[in-house]
Structures are given as structure tokens and as C-alpha cells.
Amino acid sequence: MLKQQLQLKLTQKLSPQQIQLMKLVQLPTLAFEQRVKEELEENPALEATEEHQDWEQEEAPEDDYNTNDEYEDNQIIEADAINVDEYLSDDEIPDYRLYANNYHEDDAFGLPYREEVSFHQYLIEQLNTFRLGEKEREIAEFLVGSINDNGYIRRSMSDIADDLAFTQNVYTDEKEVEHILKTVIFQLDPAGIGARDLQESLIVQLKRKPQTAITELAITILTENFDIFSKKHYDKLIQKYNISEETLKEVIQEVEKLNPKPGSSYAEGSKFTEQVVPDFTVTINDGELELSLNGRNAPELHVSQEYTEMFKTYRDSAEKDKQKQKEAVEFIKQKLDAAKWFIDAIKQRQNTLLVTMNAIMLHQKEYFLTGDETKIKPLILKDIAESIGMDISTISRVANSKFVSTPYGTKPVKAFFSEAIKNDEGEDISTYEVKKILQTIIEGENKRKPYTDDKLMELLKEKGYPIARRTIAKYREQLDIPVARLRKEL
């Protein structure tokens with residue numbers, strides 16, 4: 001049974017302009033510049049200001065434009081009802097002609113690219129220096145292809161021999177594959193490449209070094225007692241090999257010079273250095289903080305004069321075919337609307353970024369004035385959202401992928417947000433403060449007898465920070481500090 005009924009309900013709907021603004025807010029500077037470039041290419045009614053351009057008439061201020069107007073696809077716009085003066089201005093000099101760039105135009109271009117050779121191709125090229133038969137060459141290349149980014153082969157020689165038979169039609173056995181590994185792959189640079197585990201890699205690297213009494217002793221210790229050495233049971237090694245503590249210390253220093261991930265030495269050197277462009281700059285002037293937005297976030301855009309003139313011409317035309325005139329006016333108006341919406345969204349983006357970062361700067365004022373990380377106060381997204389009257393999602397978009405240049409280096413905006421814990425006086429303190437104190441305690445410990453996590457918990461409690469042992473372990477891992485046993489030194 002069909003029936004009709006009326007239903008009244010409230011719904012929340014985002015306008016296209018709001019969606020566009022949210023997308024722009026979350027973009028960092030370089031991505032934002034690319035987005036502006038794409039919009040300029042897609043919309044002919046939007047133009048970037050160039051100093052050599054002379055305009056007879058200029059566009060209207062965007063403040064007078066209502067961005068909430070929405071037009072359905074099937075709506076017909078009456079040409080006579082459109083006021084072209086909304087897009088034009090009587091000002092002798094428009095706003096965009098008064099702007100000044102604060103960065104060189106060459107800054108808009110990225111770094112030049114360089115030709116790169118992959119890690120595996122680098123190893124394959126080294127095989128050309130060996131006298132290898134066709135079968136040996138195929139085995140060697142297959143072994144190179146089995147090396148991971150850290151420089152290790154994590155597969156057994158028998159599995160590799162089977163794969164060679166099934167995929168390359170090369171029939172071999174485990175002994176032949178291992179022979180190629182040791183006589184060819186182990187001779188490639190960087191030293192230690194192709195090893196099957198850390199122990200083998202370190203031994204290969206030591207054998208490639210000039211042989212001395214210390215390197216030979218290091219090879220012996222790693223070959224016979226790698227587990228004891230890695231766990232730093234130094235007393236057992238001194239007793240077993242009848243050596244002095246000073247000699248063992250020299251062995252340890254020799255091993256510490258080796259690379260536990262030989263593949264990373266090439267991979268890291270061949271990677272592009274990431275270019276970080278700060279979105280904000282915080283400076284100190286006469287003891288006061290000053291915040292500025294990167295000028296590259298404030299492009300000089302305006303509505304095309306050619307399109308506004310075209311709009312006016314179609315509106316004033318007296319052609320007989322009114323339908324075609326309406327279609328042309330509607331198309332031009334849509335392009336003009338899109339241009340003005342984009343310009344307005346950029347202005348709102350600039351305001352959102354500045355307001356949000358200013359609130360963060362004021363909340364962390366002590367840190368920005370001193371550079372002391374222990375001065376960073378507890379801060380969550382909700383705190384900033386409530387202080388400036390914005391939604392938490394907007395604050396999250398601003399904090400994500402944005403960087404700020406400070407007198408103490410360029411830092412991500414999200415670094416100024418931290419959890420809060422209570423000290424023994426019931427005061428909220430930042431986890432940054434606890435981590436800094438924890439790091440200071442560990443740096444000052446006796447490395448012959450480093451503090452355990454339980455001892456660190458007691459020391460922090462004495463300083464007024466009652467923290468559980470598992471929390472100590474979590475903070476230590478975040479600081480990339482190993483457990484006490486691995487911090488032990490002679």
C-alpha cells in the first residue's frame with residue numbers, strides 16, 4: 001500500500017565551498033602550491049597576478065561575494081538578472097596590484113632531479129668485474145635479486161636453488177649456490193652485503209678489513225661466542241679468552257665501526273633529501289613572539305579581466321537567440337563563481353592557519369622563548385579548538401603535515417601537542433618534560449652499571465614523577481634508548 005506523508009527533519013550538509021576549504025587547509029605549502037597551479041590550469045577565469053599586466057578594469061572585492069549561493073545544474077540563469085558589477089571594480093588600483101612577494105620567484109620550482117641507479121642495479125653492475133660463466137652469472141644475479149633493502153638474504157640456499165630451477169631453468173644445488181654467495185656476493189660493495197644474518201655480516205666485514213690482532217680476535221669471538229658478545233656478558237669473554245679488559249674494549253670498538261645494515265648505506269645515500277618548507281615562522285623580537293605565514297601560502301590571484309569583459313558583453317548583447325545567450329552567460333558565471341570561491345577559500349585558509357598556529361604559539365610561549373623542551377605544556381587538539389572556537393577536525397588538519405620555523409630549528413606543528421600526566425603535587429605536566437628528565441638521568445648513569453627500568457622508576461619518583469615501570473619502558477623506546485643490558489660499557 002502506497003501512502004504519502006510529510007516528514008520534517010534537520011540535516012547537516014557541507015557546501016562545496018566548505019569541502020574545498022577543508023581540503024585546502026590540510027595541504028602543506030608545497031602541496032598547496034601545486035593545488036593552486038592545477039586550479040589555474042583548469043579554470044580560465046582565474047589568473048595569477050603578473051607585474052607586467054595592465055588592467056583597464058579590475059575585479060570586485062571578494063568580501064562582497066556570497067559564497068553560500070548554490071546553483072543546480074538544471075537552473076536557467078536570466079542574463080538580465082546578473083549584475084556584472086559584482087565582478088568588476090571602480091578602484092584605480094586593485095588589491096592584488098598592491099601585494100608584494102616575500103620570496104623569489106625561483107623558489108616556486110622544485111629541486112632538479114638527478115639520475116639514480118637502484119641498489120640492486122648497483123650490485124649487478126659490480127658483477128661485470130668478475131669472470132663468471134653463464135650459469136654462475138645467472139646464479140649470482142638471482143642471489144643479488146634476493147637481497148633485501150638492509151643487505152641481507154633471508155632465504156635458505158636450498159629454496160634459492162629450487163627457485164632457480166623452476167623460474168630460471170637453471171639446475172644447481174645448495175652447495176654451488178653457497179659457493180657463489182661466498183666467492184662472489186661477499187666480495188661486492190658495500191662489505192657485508194648478502195649475509196644471511198647479523199653474525200655473518202659482521203664477520204664478512206671484519207675479514208674485508210686489514211687484518212690485525214684485534215680484528216682476528218674479533219672474528220674469533222663473533223664466530224665462537226656471538227650470543228655472549230651480543231648480550232654483553234663481558235666477564236665471560238675475558239675469562240674464556242684470557243684477555244684484559246682493555247683488549248676487549250678495543251675489540252668492541254672495532255665491531256662498533258661495522259654496519260649492521262650494510263644495504264642501508266647505499267640506499268640512504270641514494271635517496272633524495274626531503275625538502276621541508278616551513279608553513280609558519282616564529283621569531284623573537286624584543287622579548288615578544290611574532291608569527292608569520294609563509295608568503296608562498298598567499299598567492300596573488302584574481303578573477304580574469306577577459307572573462308569579466310566577456311560576461312558583460314553577453315549580458316548587454318541584444319541577440320535574437322536568447323537561449324544561447326543564457327547558456328553562454330551561465331557558463332561564464334559558473335567559471336567566475338568558481339574563481340571567486342577559490343580565492344575566498346584561500347583567504348579563509350590563511351586566516352585558519354594563522355589563528356590556529358597563534359593559539360598554539362601562545363599556549364607554548366615559554367618553549368618558544370627559551371627553547372627548553374621541558375617547558376612544553378600538555379596540549380591536545382580539543383584545547384586549541386575550544387580556545388579559538390573551531391572544530392577539532394579543523395585543528396587536526398592544520399597540525400598535520402605542517403612545519404614551523406623557530407629560533408631552535410624547524411619542527412612539525414604536531415610536536416607541540418602532548419599528553420598530560422600528573423606529578424606528585426597533582427599538577428599536569430607534559431610527557432616531553434618527563435622524557436627529557438629520563439634522558440638526562442640515563443645520560444648521567446654509570447655505563448658499567450646502567451640503571452634498570454625499575455631503578456629509573458625509583459629515580460623519577462624521587463624527582464616527583466610517579467610513573468609506572470611499563471611507562472618508563474615505553475618512553476625509553478620512544479627515545480630510542482636500549483635496555484640496561486645493551487647500554488653496558490667497559
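User: How many residues lie between E5 and E6 in their hairpin?
Analyst: In this predicted model, two residues separate strands E5 and E6 in the hairpin that they form.

User: And in which sense do the two strands pair?
Analyst: Strand E5, residues 403-406, and strand E6, residues 409-412, pair in the antiparallel sense, over four bridges.

User: Which residue stands opposite Thr410?
Analyst: Opposite Thr410 of E6 stands Ser405.

User: Changing topic: which residues of helix H9 are buried?
Analyst: Helix H9 covers residues 234-241, and its buried residues are Tyr234, Leu237 and Tyr241. These three lie on the same side of H9 because they cover an arc of only 60° around the axis.

User: What about the other side of H9, buried or exposed?
Analyst: On that other side, Asp235, Gln239 and Lys240 are exposed.

User: Which helices do the buried residues of H9 pack against?
Analyst: They pack against two helices, H8 (213-230) and H10 (245-256).

User: What phi does Asn242 take, just after H9?
Analyst: Asn242 takes a positive phi of about 50°.

User: Now the interior. How many residues has the largest nonpolar core?
Analyst: The largest nonpolar core has 25 residues, and Leu143, Ile160, Val177 and Ile185 have the most contacts inside it. At least two residues of this core come from each of helices H3 (119-126), H4 (134-145), H5 (157-167) and H6 (174-183). H4 gives the largest share, five residues.

User: Why would such residues gather inside?
Analyst: As a general tendency, nonpolar side chains in soluble globular proteins are buried together.

User: What does Val177 touch, leaving out residues up to four places away in sequence?
Analyst: Val177 touches Ile139, Leu143, Met157, Ile160, Ala161, Leu164 and Thr172.

User: How many residues are in the second core?
Analyst: The second core is separate and has 24 residues, including Phe280, Leu353, Ala359 and Val398.

User: Last topic, confidence. What pLDDT does the chain average?
Analyst: The protein chain averages a pLDDT of 77, and 76% of the residues score at least 70.

User: Where is the pLDDT below 50?
Analyst: One such stretch is residues 51-82, which has 66 contacts in the model beyond near neighbours in sequence. Residues 269-273 also have a pLDDT below 50, and that stretch has eight contacts beyond near neighbours in sequence.

User: How should one treat such stretches?
Analyst: Where pLDDT is low, the predicted coordinates should not be read in detail.

How values were computed:
Residues numbered from 1 in each chain as written. Predicted model: local features only at pLDDT ≥ 70, side-chain atom pairs only at ≥ 80, totals over all residues. Heavy atoms only, no water. Buried < 20%, exposed > 50% of the residue type's maximum accessible area, 1.4 Å probe, protein only. Arc of directions from axis to C-beta. Contact = heavy atoms within 4.5 Å. Core = buried A, V, L, I, M, F, W, Y, C linked by side-chain atoms within 4.5 Å. Pairing = 2+ DSSP bridges. pLDDT = per-residue confidence, 0-100.
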